Amino acid sequence: MPRKRSPAEEHAAEPAPEPAAAVEVELPALTPPGDTLERIREDIGDCKRCRLHEGRHNIVFGVGNPHAKIVFVGEGPGEDEDLQGIPFVGKAGQLLTAMIENTAKKEGIPLSRADVYIANVVKCRPPKNRTPEPDEMEICGQFLFRQLEVLKPKAICVLGGTAMRALLGGKEGVTRMRGKWYKWRDIPVMVTYHPSYLLRAYNTGPKREAWEDLKKLFHFVYD
Ligand code: SF4
């Protein structure tokens with residue numbers, strides 16, 4: 001009597017399936033032609049692409065002048081931002097506004113917060129304000145990159161290490177990178193401290209350095 005074949009032998013005896021005909025899949029372009037801020041917001045929709053959607057109240061898309069010459073990029077929304085749906089409106093945001101407007105005034109540059117654009121790497125508040133995880137930054141970062149491509153500012157200012165790493169990569173700290181120019185897709189990038197760090201800084205050194213960074217940024221863009 002012939003021996004019963006094991007399931008593995010049965011499977012091995014089956015003819016190999018014909019390879020399926022290749023189907024062309026159209027992937028969305030990284031930056032779709034004719035992209036606009038409105039279209040990006042529509043594409044985000046009621047986003048659940050990463051775990052950060054779980055605790056959010058509002059998606060914090062970005063705010064400011066769509067023709068801004070400078071875009072500030074932070075890490076992610078905090079509590080106030082999550083509740084209001086607007087980036088940089090809490091204590092750190094108020095400090096950022098004061099930094100922008102006081103520096104511009106001292107340098108004789110007519111610039112207010114309303115003239116710039118402000119956005120974050122992730123658009124939903126991380127729980128307990130933790131740093132966004134790399135996968136969250138990668139998923140949400142695509143929207144930030146599209147915003148930057150649409151806005152095409154004359155310069156970008158990254159606030160703090162997380163935003164710096166999202167745009168420039170690398171592992172260096174802000175202290176080493178700040179005050180110098182880099183590039184993101186041909187757009188000059190200035191690195192400086194996140195205002196929430198400046199609120200906690202023990203001495204005035206970092207505040208003075210951040211003021212120097214903004215001075216350099218504003219003169220580059222407006223001179
Ligand atoms: S953080 Fe970004 S990718 Fe994640 S759920 Fe919010 S909008 Fe979507």
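Which of the 14 residues around the ligand come nearest? The close-ups below begin there and then move on to the sheet and the helices of this predicted model.

**View 1. The shell around the ligand.** Cys47, Cys50, His53, Cys124 and Cys140 are the residues that come nearest, out of 14 around the ligand. Helix α5, spanning residues 134-151, supplies the largest share of this shell, with 3 residues. Sorted by class, the shell holds 9 nonpolar residues, 1 polar and 4 charged.

**View 2. The open sheet from edge to edge.** Here you can follow 6 strands in the order β1-β3-β2-β4-β6-β5, and their pairing is mixed. At the edges sit β1 (63-64) and β5 (181-184), each of which pairs on one side only. As a reminder for this view, strands of a sheet pair through backbone hydrogen bonds, in either a parallel or an antiparallel fashion.

**View 3. Strands β2 and β3 side by side.** Strand β2 (residues 70-74) and strand β3 (residues 117-120) run parallel and are joined by 4 bridges. To find your place in the pair, look for Val73, whose bridge partner in β3 is Ala119. Helix α6 (residues 161-168) packs on the sheet, where it touches β2, β4 (155-159), β5 and β6 (187-192). The direction of α6 makes about 135° with that of β4.

**View 4. Strand β6 and its two partners, β4 and β5.** With β4, strand β6 pairs in the parallel sense over 4 bridges. Ile156 is a handy landmark here, standing opposite Val189 in β6. With β5, by contrast, β6 runs antiparallel, and 4 bridges join these two strands. Lys183 has Pro188 in β6 as its bridge partner. What sign does the phi of Arg185 take in the hairpin of β5 and β6? The phi of Arg185 is positive, near 45°, in a hairpin with 2 residues between the strands.

**View 5. Helix α2 against helix α5.** Helix α2 covers residues 37-44, and its axis comes within 9 Å of that of α5, crossing at roughly 170°. Because of that angle, α2 is roughly antiparallel to α5. On the α2 side, the contact is made by Leu37, Ile40 and Ile44, while α5 brings Phe143, Arg146, Gln147 and Val150. This contact between α2 and α5 counts 5 nonpolar residues, 1 polar and 1 charged. Helix α5 may look familiar from the ligand view, where it gave the largest share of the shell.

**View 6. Helix α4 crossing helix α9.** Helix α4 (residues 91-106) packs with helix α9 (residues 205-222) at an angle of about 65°, and the two axes are 10 Å apart. The crossing of α4 and α9 is right-handed. From α4, look for Met99, Thr103 and Ala104, which meet Ala210, Trp211, Leu214, Lys215 and Phe218 of α9. Sorted by class, the contact of α4 with α9 comprises 6 nonpolar residues, 1 polar and 1 charged.

Definitions and conventions. Residues are numbered from 1 along each chain as its sequence is written. This is a predicted model: local features need pLDDT of at least 70, side-chain atom pairs count only at pLDDT 80 or more; totals for chains, interfaces and linings use all residues. A residue is near a molecule or strand if its C-beta atom, placed from the backbone, lies within 6 Å of it. Ala, Val, Leu, Ile, Met, Phe, Trp, Tyr, Cys and Pro count as nonpolar, Asp, Glu, Lys and Arg as charged, and the others, Gly among them, as polar. Axes are lines fitted to C-alpha atoms, for helices over the stretch in contact, and angles run from 0 to 180 degrees between N-to-C directions. A crossing is left-handed if the near helix is turned anticlockwise from the far one by less than a right angle, and right-handed if clockwise. Two residues are in contact if their C-beta atoms, placed from the backbone, lie within 7 Å. Two strands pair if DSSP finds at least two bridges between them. Angles under 35 degrees count as roughly parallel, over 145 as roughly antiparallel, 65 to 115 as roughly perpendicular and the rest as oblique.
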